[in-house]
Every structure is written in structure tokens, then in C-alpha cells.
Amino acid sequence: MKKSLLLLAVGFVMLATAACQSSSNSTASSKSESAMTSTSESESSSKEATKGTRIIKDQLGFDVELPPAKDIKRIAIHKLLPLPSVYAVYKGGNVDGLISMPPDSLNAAKNSILAKYAPDILNVSIDYYKGGELNMEELLKLKPDVVFYAGGEEERQQFVNAGIPAVGFSTVTPNGPNTIETLNAWISLMEQVFEEGSKVTGITEYAKEAQDEINKRLADIPEDQRKKVLMIGHYSSTNFTLGGFSDYWISATGGINVGKGTQGNVNMEQVYSWAPDIMFISTLSDFFPEDFYNNTTVEGADWSGVPAVINKQVYKFPLGMHRWWPPSTDAPLSLWWIAKTTYPEKFEDINMDEKIKEYYKKFYGMDLTEEDVNSILNPVKGVGRTYY
């Protein structure tokens with residue numbers, strides 16, 4: 001009897017011990033599961049934090065992953081010569097975030113009104129592009145949060161490989177080269193990047209009004225009486241091209257583009273066959289009207305028999321916030337200037353000096369002097385394109 005009671009007691013103790021161990025294991029397991037859940041939630045939370053990035057589609061059709069807009073504080077610009085000036089105007093003259101830009105953009109800024117509007121642009125580094133080559137090591141030293149560039153997959157890949165978010169900008173719109181539409185597309189893309197609107201608005205509306213008025217004034221000119229126009233984009237001892245914006249500027253201001261559809265380098269035989277009435281030289285070239293009148297352009301080129309040269313109808317594009325040839329925030333003024341220069345009798349009442357002063361006051365808040373206006377309409381030598 002005593003043995004039975006003793007065995008029964010031992011059994012109870014063993015059952016109790018087993019129950020305690022089971023409870024302890026259950027509690028430990030519960031704590032372990034809880035800890036794992038907590039860790040998982042923490043990891044999930046961490047992943048959410050890194051998901052603060054966003055995807056935008058750039059003008060080249062690439063999906064670009066960008067950090068939050070508030071974290072984009074250092075911007076580099078590659079190849080797009082007009083874009084630093086457009087960025088400066090977009091930011092209302094504040095270029096603190098611009099850390100790098102092409103040497104030719106700085107060259108234009110030094111010799112333009114942009115240096116007055118946004119003086120800090122003269123301090124932006126150009127060291128990433130020395131000797132005509134991009135130096136990624138120098139660019140990385142500047143620690144850019146994003147780079148704005150022109151080009152294609154090859155250009156893009158070099159930035160991707162370096163771990164720099166790269167946003168592609170294009171100089172051509174779906175409707176072809178059009179400086180006003182290109183300007184609008186650039187501003188729209190920057191609005192996506194920075195998630196804020198431009199500090200300067202109304203330029204598009206001004207351009208439309210200018211174009212409508214120009215069209216109205218030129219509507220009665222018969223096709224056979226329209227001026228034959230030649231626009232030179234790039235011109236040096238090794239390069240003579242018309243550039244992609246010729247057709248837009250000429251068609252928008254009532255002329256006939258004698259070089260329409262011409263690709264690559266142009267020769268003097270072609271120029272003589274075109275017999276242009278009027279010629280415009282972009283500020284991407286360092287030649288001026290006097291070089292054509294005096295036949296001192298490049299060796300072997302004889303301009304003396306070209307109608308525009310004979311009649312002294314050769315004109316140099318102005319240089320305002322940027323060169324007036326490519327897309328710029330001064331593009332609407334360029335419309336007025338080309339139209340008036342091509343058909344002065346149709347625009348006798350248009351005073352370009354006053355137009356420029358009014359425009360700069362309205363959109364840039366600047367009160368220009370006569371000297372300022374003269375510098376815009378008569379750029380100095382040395383602002384031509386060096387690279388690209």
C-alpha cells in the first residue's frame with residue numbers, strides 16, 4: 001500500500017514537472033515568435049524607409065529612380081549647354097544646388113547677362129570635363145545627388161555604373177526641333193525632379209502671343225517674295241553645319257529655309273546654289289558678319305559672291321540669359337528679333353531695345369541699362385562652342 005502511494009506521488013511529481021517544462025517551452029516559443037515578428041516588422045519598417053525613392057520617366061524614355069525631392073541638393077549638368085541658365089531661371093536666380101556644368105556653359109555665362117541675374121553661377125565647377133573628356137572621378141568628388149544629361153544609353157550607363165541617378169533631357173520634341181516646346185519640356189521635367197513649380201512663369205504664354213502677332217504681320221507676303229534664309233549653327237575650320245534649330249526659327253518667322261533637310265557638313269558650292277538673301281550665325285560659332293564681309297572665315301571659303309554677303313545682310317545671334325540660338329528662356333525674344341531682322345518693313349514699330357527691357361523686367365525682375373541691352377544684341381568674340 002505504502003509502495004503504491006509512493007509510486008503515485010512520484011507520478012504526480014513527474015507529470016507536474018513535465019507540465020512546467022511544457023509551459024516554459026511554450027512561453028519561450030511564444031517569446032521567440034514574438035521576437036521574430038518584431039524583427040520582421042523592424043526589417044519591413046526599414047525597407048519602407050528606403051522606399052522613399054520614386055520613379056520618373058525622363059525625356060529619353062528611361063525610368064529613373066530618384067531620392068525624395070527634399071534630398072536632392074546637389075545637381076550636376078552634363079553636355080546640355082543651355083540647361084544651367086534654364087535651371088538658374090527655374091530657381092529664380094538661386095543656383096546654390098548647381099555643383100557642376102559644362103565649360104562652354106560657364107563661358108557663355110561669363111559673357112552674358114546671366115552673370116548679373118545669378119552671379120553665383122560663375123562659381124560652379126567645370127573640373128569634371130577637362131580637355132574635352134568627362135572625368136567621372138572628378139564628378140564623383142562633387143557628390144552629386146542627380147545628374148542632368150543629354151545623350152543615349154551609352155551616356156546614361158556611365159552614370160548608372162557610377163551609382164549616380166541620371167535624368168535624360170532632349171533638345172528635340174515629338175514635333176521635331178522647337179525651342180519653345182523644348183524649353184517647356186525641360187521645365188516640366190525639372191518640376192517632376194524637384195516636385196515644385198518654376199519660380200518664373202508666363203514665358204510660354206508670351207511666346208504664343210508673339211508667334212500669333214508675327215504670323216499676322218507676315219500673312220500677306222506671297223511665297224515667291226519670302227526671304228531665302230541661311231542659318232549657320234556651327235562653323236569652324238573643320239565644321240560647317242546648319243544645326244537642328246534652323247528650320248524652326250526660319251519657318252516661325254516667315255522665311256524660306258534654303259538648307260532644309262541638309263545633314264552633316266555644308267560646302268560653299270551648296271551655299272552658292274542656295275543664294276541666301278539673309279544669313280544668321282549662331283553664337284556657338286566665333287565668326288561675325290565682318291568675317292564674311294572681309295572673306296576671313298576659313299581658308300578656301302569665298303563668300304564674296306553670296307547675295308547676303310554682297311548686300312551686307314549677315315547677322316550674329318544675340319546672347320542674353322544664354323545664346324539665343326538653342327532653347328533658352330529668352331527664346332520668345334529671339335522670335336521677335338529674327339522676324340524684325342528678316343522683314344524690317346513689317347516690324348517698324350517694334351523696338352527691340354524696349355522689348356528686351358520689358359521682357360527682362362517682367363520675367364527676371366531686372367532693370368536693364370542701355371549698356372546691358374547693347375551687350376545682349378552685340379555679343380563679344382570668344383563665346384563660341386569649344387567642346388561637343
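User: Which residue stands opposite Val229 in strand 13?
Analyst: This is a predicted model, where local features need pLDDT of at least 70, side-chain atom pairs count only at pLDDT 80 or more, and totals for chains, interfaces and linings use all residues. Residues are numbered from 1 along each chain as its sequence is written, and side-chain values use heavy atoms, with hydrogens and water left out. Strands here are DSSP runs of E, at least two residues long, while helices are runs of H or I, at least four long, all numbered from the N terminus. The partner of Val229 in strand 13 is Ile278.

User: How many bridges join strand 9 to strand 13?
Analyst: Strand 9 covers residues 228–232 and strand 13 covers residues 278–281, and they run parallel. Two strands count as paired if DSSP finds at least two bridges between them. For strand 9 and strand 13, the number is 4.

User: Which are the edge strands of the open sheet in the order 12-9-13-14?
Analyst: That sheet has 4 strands with parallel pairing. An edge strand here pairs on one side only. The ones that do so are strand 12 (256–257) and strand 14 (314–316).

User: At what angle does helix 13 run to strand 13?
Analyst: Helix 13 (residues 331–342) lies across strand 9, strand 13 and strand 14. Axes are lines fitted to C-alpha atoms, for helices over the stretch in contact (heavy atoms within 4.5 Å), and angles run from 0 to 180 degrees between N-to-C directions. Against strand 13, the angle is about 150°.

User: Is helix 2 mostly covered or mostly uncovered, and how many of its residues are buried?
Analyst: Buried means under 20% relative accessible area, with a 1.4 Å probe and protein chains only. Helix 2 spans residues 83–90 and is mostly covered; among its buried residues are Leu83, Tyr87 and Tyr90. The count is 8 of 8.

User: Which helix gives the largest share of the largest nonpolar core?
Analyst: A nonpolar core is a set of buried Ala, Val, Leu, Ile, Met, Phe, Trp, Tyr and Cys residues joined through side-chain atoms within 4.5 Å. This one has 81 residues, and Phe148 is one of those touching the most other members. The largest share, 8 residues, comes from helix 7 (residues 179–194).

User: Which residue of helix 2 does Phe148 touch?
Analyst: Not counting residues up to four places away in sequence, Phe148 touches residues including Ile75, Val167 and Met190. Its list also holds a residue that is buried in helix 2. That residue is Leu83.

Notes:
Buried means under 20% relative accessible area, exposed over 50%, partly exposed in between (1.4 Å probe, protein chains only).
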